[in-house]
Amino acid sequence: MNAPQLLTPAQDIPDTLARILADKYEEVRERSAATPLAEMERAARHAPKPRDFVRALCNAVGEGRVGLIAEIKRASPSGGLIRDPFEPAALAEAYCAGEATCLSVLTDAPYFQGTPEHLKAARAACDLPILRKDFMVHPWQVHEARAMGADCILLILAALTDAQAGELEDVARSLDMAVLAEVHDRAELDRALGLETRLIGVNNRNLRTLRTDLATAEELVPLIPADRIPVAESGLRTPEDVRRMAAAGSRCILVGEHLLRQPDVAEASRQLVHAL
Ligand SMILES: O=P(O)(O)OC[C@@H](O)[C@@H](O)c1c[nH]c2ccccc12
């Protein structure tokens with residue numbers, strides 16, 4: 001990607017997401033100056049082999065279970081401090097014991113109090129495939145994700161132009177990583193379907209206002225073609241919520257805050273996995 005695209009995010013992105021992205025562009029500018037792309041590419045090539053994120057979800061669904069992507073995050077803009085003390089390795093083990101299919105680990109520091117160390121610790125503690133949950137805006141971050149051990153990246157369509165999303169997807173594919181393309185409305189869904197990836201996340205949370213509404217997935221999941229894999233994200237708490245998402249056509253879910261607020265994370269995870 002050319003340097004000018006590092007300078008500033010697209011202009012028409014309001015509110016919370018705009019603030020996060022402005023900070024992210026600044027962060028990437030600084031970090032990629034400290035560790036040049038060529039060095040990050042080399043680190044990515046030497047990372048442990050990717051785990052198959054898509055296959056894990058397909059297997060879970062094929063065996064009649066919920067495909068649960070269980071999230072590890074210390075804090076969030078909407079939830080404040082979510083878990084304290086916060087132990088990523090212990091959480092990864094608990095999710096694994098609770099039959100989660102994959103993990104999602106926040107690595108964004110300013111808004112989620114995440115670090116790459118959280119992802120590394122989680123990956124070393126279990127053998128589940130791992131999504132790096134961050135705001136990806138530049139190929140440098142995709143190599144960085146692979147270098148820290150991530151098996152999948154998130155592409156938030158609301159944060160990216162089609163050209164950016166396509167380029168980031170190409171880099172991920174070149175590194176044998178999966179891509180979760182995240183949408184919040186029909187226009188973003190149409191754009192996501194122009195990508196190669198089969199994984200389409202429908203975020204029930206509006207990243208501009210931070211409110212969740214399960215009706216978002218109920219509206220959009222039925223529009224996703226059968227050759228793709230829908231993932232309902234955010235605001236899910238109860239087995240009943242999981243059944244609502246499955247009724248709309250999504251047997252894969254991404255759940256964070258609810259699980260992280262439980263004392264017994266493994267048991268809470270198991271309850272969602274066996275909700276159907
Ligand atoms: O904690 P929740 O409401 O269960 O949501 C998890 C996940 O969907 C949410 O963290 C998320 C979805 N898309 C994102 C994009 C960036 C940061 C965070 C997210």
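# Questions about a predicted model

Visitor: Which residue with a positive phi follows α8?
Guide: Helices (H or I, at least four residues) and strands (E, at least two) are DSSP runs, numbered from the N terminus. The residue after α8 has a positive phi, near 105°. That residue is Gly-149.

Visitor: What kind of model is this?
Guide: Residues are numbered from 1 along each chain as its sequence is written. Local features need pLDDT of at least 70, side-chain atom pairs count only at pLDDT 80 or more, and totals for chains, interfaces and linings use all residues, for this model is predicted.

Visitor: How many residues of α8 are buried?
Guide: Helix α8 runs over residues 139-147 and is mostly covered. Buried residues (20 or more other C-beta atoms within 10 Å; 12 or fewer is exposed, in between is partly exposed; C-beta atoms are placed from the backbone) include Pro-139, Trp-140 and Val-142 here. His-143, Glu-144 and Arg-146 are also among them. Of the nine residues in α8, the buried count is nine.

Visitor: Which elements do the buried residues of α8 pack against?
Guide: Two of the partners are strands, β5 (130-133) and β6 (152-156). The others are helices. They are α2 (15-34), α3 (37-45) and α9 (162-174).

Visitor: At what angle do α3 and α8 pack?
Guide: Axes are lines fitted to C-alpha atoms (for helices over the stretch in contact; angles run from 0 to 180 degrees between N-to-C directions). The axes of α3 and α8 are 7 Å apart. The packing angle is about 30°.

Visitor: Is the crossing of α3 and α8 left-handed or right-handed?
Guide: Picture the near helix turned from the far one by less than a right angle: anticlockwise is left-handed, clockwise right-handed. For α3 passing α8, the crossing is left-handed.

Visitor: Which residues of α8 make the contact with α3?
Guide: Contact means that two C-beta atoms, placed from the backbone, lie within 7 Å. On the α3 side are Leu-37, Met-40, Glu-41, Ala-43 and Ala-44. On the α8 side are Trp-140, His-143, Glu-144, Arg-146 and Ala-147.

Visitor: How many residues of the contact of α3 with α8 are charged?
Guide: The classes are nonpolar (Ala, Val, Leu, Ile, Met, Phe, Trp, Tyr, Cys, Pro), charged (Asp, Glu, Lys, Arg) and polar (the others, Gly among them). In the contact of α3 with α8, six residues are nonpolar and one is polar. The charged ones number three.

Visitor: Why is α5 called oblique to α14?
Guide: The axes of α5 (residues 88-97) and α14 (residues 265-273) come within 7 Å and cross at roughly 40°. Angles under 35 degrees count as roughly parallel, over 145 as roughly antiparallel, 65 to 115 as roughly perpendicular, and the rest as oblique. The crossing angle therefore makes α5 and α14 oblique.

Visitor: Which residues of α14 make the contact with α5?
Guide: The crossing of α5 and α14 is right-handed. From α5 come Leu-91, Ala-94, Tyr-95 and Ala-97. From α14 come Val-265, Ala-266 and Ser-269.

Visitor: How many residues in the contact of α5 with α14 are nonpolar?
Guide: This contact has no charged residues. One residue is polar. The nonpolar count is six.

Visitor: Which residues around the ligand come nearest?
Guide: The shell holds 15 residues, each with its C-beta atom, placed from the backbone, within 6 Å of the ligand. The nearest are Glu-233, Ser-234, Leu-254, Gly-256 and Glu-257.

Visitor: Which elements give two or more residues to the shell around the ligand?
Guide: By class, the shell divides into four nonpolar, five polar and six charged residues. One element giving two or more is a strand and the other a helix. They are β10 (252-255) and α13 (257-260).

Visitor: Is Val-221 buried or exposed?
Guide: Val-221 is in the loop between α11 (215-220) and β9 (229-233). Beyond four places in sequence, its contacts include Val-202, Pro-230 and Ala-248. Because it has 20 C-beta neighbours inside 10 Å, Val-221 counts as buried.

Visitor: How far apart in space are Gly-114 and Asp-134?
Guide: Gly-114 is in the loop between α6 (109-112) and α7 (116-125). It is buried, with 24 other C-beta atoms within 10 Å. Gly-114 and Asp-134 are 20 residues apart in sequence, yet C-alpha to C-alpha the separation is 9.1 Å.

Visitor: Which peptide bond is cis?
Guide: Most peptide bonds are trans. Pro-85 is in the loop between β3 (80-81) and α5. With omega near 0°, the cis bond runs from Asp-84 to Pro-85.

Visitor: Is Asp-176 buried or exposed?
Guide: Asp-176 is in the loop between α9 and β7 (178-183). Its phi is positive, about 60°, although it is not a glycine. Because it has 12 C-beta neighbours inside 10 Å, Asp-176 counts as exposed.
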